[in-house]
Amino acid sequence: MSIVIENAALKNNALAYIEDTIEAVPALVELRTAAAEKFASTDFPSINHEEWKYTNLKKLVSSTFNFNASASVTAEDLEKYLIDGTDVLVFVNGIFNNNLSKYTSTDKVIVAPLAKAINEHTDLVTAHLGKYADSDLPFVGVNTAAITDGVFVYAKRNALSETPVTILNVIIGENTVVQPRLLAVLEEGAQVSIIERNAVIGNQNVLINSVSEINVAERAILNHVKLQDEEDNTNLVTLTEAKQADNSVYHNITITTGGQLVRNNLNIALGEHCEGLMTGLYLLKGKTLVDNHTVVDHRMPNSYSNELYKGILSEKSKAVFNGKIFVREDAQKTNAFQSNKNILLSPDAVVNTKPQLEIWADDVSCSHGCTVGALDEEPMFYLRARGISEDKARALLTYAFAGDVIEKISNESVRSIVERIVANEMGYPLD
């Protein structure tokens, strides 16, 4: 499989790594080989692709990256990234670190590194792994082709996991690539909470290419939080593919406050009587680019989806939001709502937003909308008239703007972290 492609350094690096490691996990050779062949025959998207027209990957895919960088960290290095009251699985440059991890796996809720789960629950893992995320997409394809480890969460029928699971991916080293993989499968009536977070130590140029596959069975509930507070030189590409059976609930919350280039792809497919909730906040500065692409696919009747994404942009930052809602012909009685609201704190900040509805059913209630503007002058005047400085007034108003996103975070520890991140970015840290 030795293939060299001119002017595509990232692809050549990836193919070389895949070739060297293809036999690393025998149970995954077939899956990885198929994904590698698809990846080798496709190109990374350019601005000529409609879905990527505002996000230029040319510099990223032309750069040379290391897919096999080794590193070590200490517990002290990770203290500020840990979340109180949660279990944690730590990966350092993609390699599971058992000494820094602390988690519980039971007969009812299996939590394990993917490599271990493949050995101990081979049939269970292979029945789901790679079945939801589309490996025809280049970033997904290279992730699938390179799988050697990741996280496996499996909740059996009516199991309730009271302790959230934090997945902490630690990245160290210039031009390092890591490719986190999450497979979460919930049986009927199960309830689980998962938090994904990255720790880029050293503010060096890195690429994180993450894929999460989610299967939520009937009456099951999954709360899924992504904390994206990376350093300025981080390139982050994520795909979350969630499948919901009847009467299930899936809530995805994505908080982005850092990074150089961030592209989040979130796709949810709903059964009947489902709730699909998508909540996002992006707080950007410098020359950060964040691109959120979401798809909600209503396939069956009587389901509900609600999507709220808010952005606060300063300096020369740029945001892209593209949200699609599909309502299929059989999906009568669908309620689907989508809102994207943005505040620009600088004349140099840019937002490109495109909410979309495609409806083939006639008995539905659907709406979408977007706003882009500066802070409202009236409340600003009110605060200034009471002796509050302009900077503090601006911070208070933007914090209030983000409030209805933050309050949707049910986990108190995570909510507190987000509150502090937002306050720090506004220049008025919480004591």
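Which residue in β9 does Val185 stand opposite? Select Val185 and look across: the residue facing it is Asn215 in β9. Keep that pair on screen while we sort out the ground rules.

What you have open is a predicted model, where local features need pLDDT of at least 70, side-chain atom pairs count only at pLDDT 80 or more, and totals for chains, interfaces and linings use all residues. Residues are numbered from 1 along each chain as its sequence is written, and side-chain values use heavy atoms, with hydrogens and water left out.

**Stop 1: the whole chain**

Zoom out and show the cartoon. You should find 10 helices and 20 strands; these are DSSP runs numbered from the N terminus, with helices being H or I of at least four residues and strands being E of at least two. The C-alpha trace spans about 70 × 50 × 45 Å along its principal axes. For 431 residues, a compact globule would have a radius of gyration near 22 Å, and the 21 Å of this chain agrees with that. That radius is taken over C-alpha atoms, and the globule rule is 2.2 Å times the number of residues to the power 0.38.

Now colour by burial. Buried residues make up 55% of the 431, where buried means under 20% relative accessible area, exposed means over 50%, and partly exposed is in between (1.4 Å probe, protein chains only). As for contacts (heavy atoms within 4.5 Å), take those between residues at least 6 apart in sequence: 82% of them join residues at least 24 apart.

**Stop 2: strand β9**

Select residues 206–216. This is β9, and 11 of its 11 residues are buried, so the strand is largely enclosed by the rest of the structure. Turn on the side chains. In a regular strand the side chains alternate between the two faces of the sheet. Here Val206, Ile208, Ser210, Ser212, Ile214 and Val216 point one way, while Leu207, Asn209, Val211, Glu213 and Asn215 point the other way.

Next, add the partners of β9. Two strands count as paired if DSSP finds at least two bridges between them.

- β6 (residues 176–178) runs parallel to β9, joined by three bridges. Look for Val178 opposite Ile208.
- β7 (residues 181–186) is also parallel to β9, with six bridges. Our opening residue, Val185, sits opposite Asn215.
- β11 (residues 234–244) is joined to β9 by 11 bridges, again in parallel. Find Leu207 opposite Asn235.

**Stop 3: His128**

Stay with Asn215 and select what it touches from a loop: His128. This histidine lies between α6 (122–126) and α7 (138–145). Is His128 buried or exposed? At 15% relative accessibility, His128 counts as buried. Leaving out residues up to four places away in sequence, His128 touches Leu183, Val185, Glu213 and Asn215.

**Stop 4: Ala145 in α7**

Follow the loop into helix α7 and pick Ala145. At 0% relative accessibility, this alanine counts as buried. Show its contacts, again skipping residues up to four places away: Ile18, Ile22, Arg32, Ala35 and Ala36. Then draw a C-alpha to C-alpha distance from Ala145 to Glu23; the two are 122 residues apart in sequence but 11 Å apart in space.

**Stop 5: Thr64, on the outside**

Jump to Thr64, in the loop between α3 (58–61) and α4 (75–78). Thr64 is exposed, with a relative accessible area of 52%. Its contacts, not counting residues up to four places away in sequence, are Ala9, Asn13 and Asn175. Try another distance here: the C-alpha atoms of Thr64 and Val177 are separated by 9.9 Å, though their positions lie 113 residues apart along the chain.

**Stop 6: a hairpin**

Select residues 87–92 and 95–102, which are β1 and β2, running antiparallel and joined by four bridges. The two form a hairpin with two residues between them. Val92 has Ile95 as its bridge partner, and Asn93 in the turn has a positive phi of about 50 degrees.

**Last stop: Ser339**

Finish in β18 (residues 335–344), where you will find Ser339. With 18% relative accessibility, this serine counts as buried. Show Glu307, Leu308, Tyr309 and Gly369, which Ser339 touches once residues up to four places away in sequence are left out.
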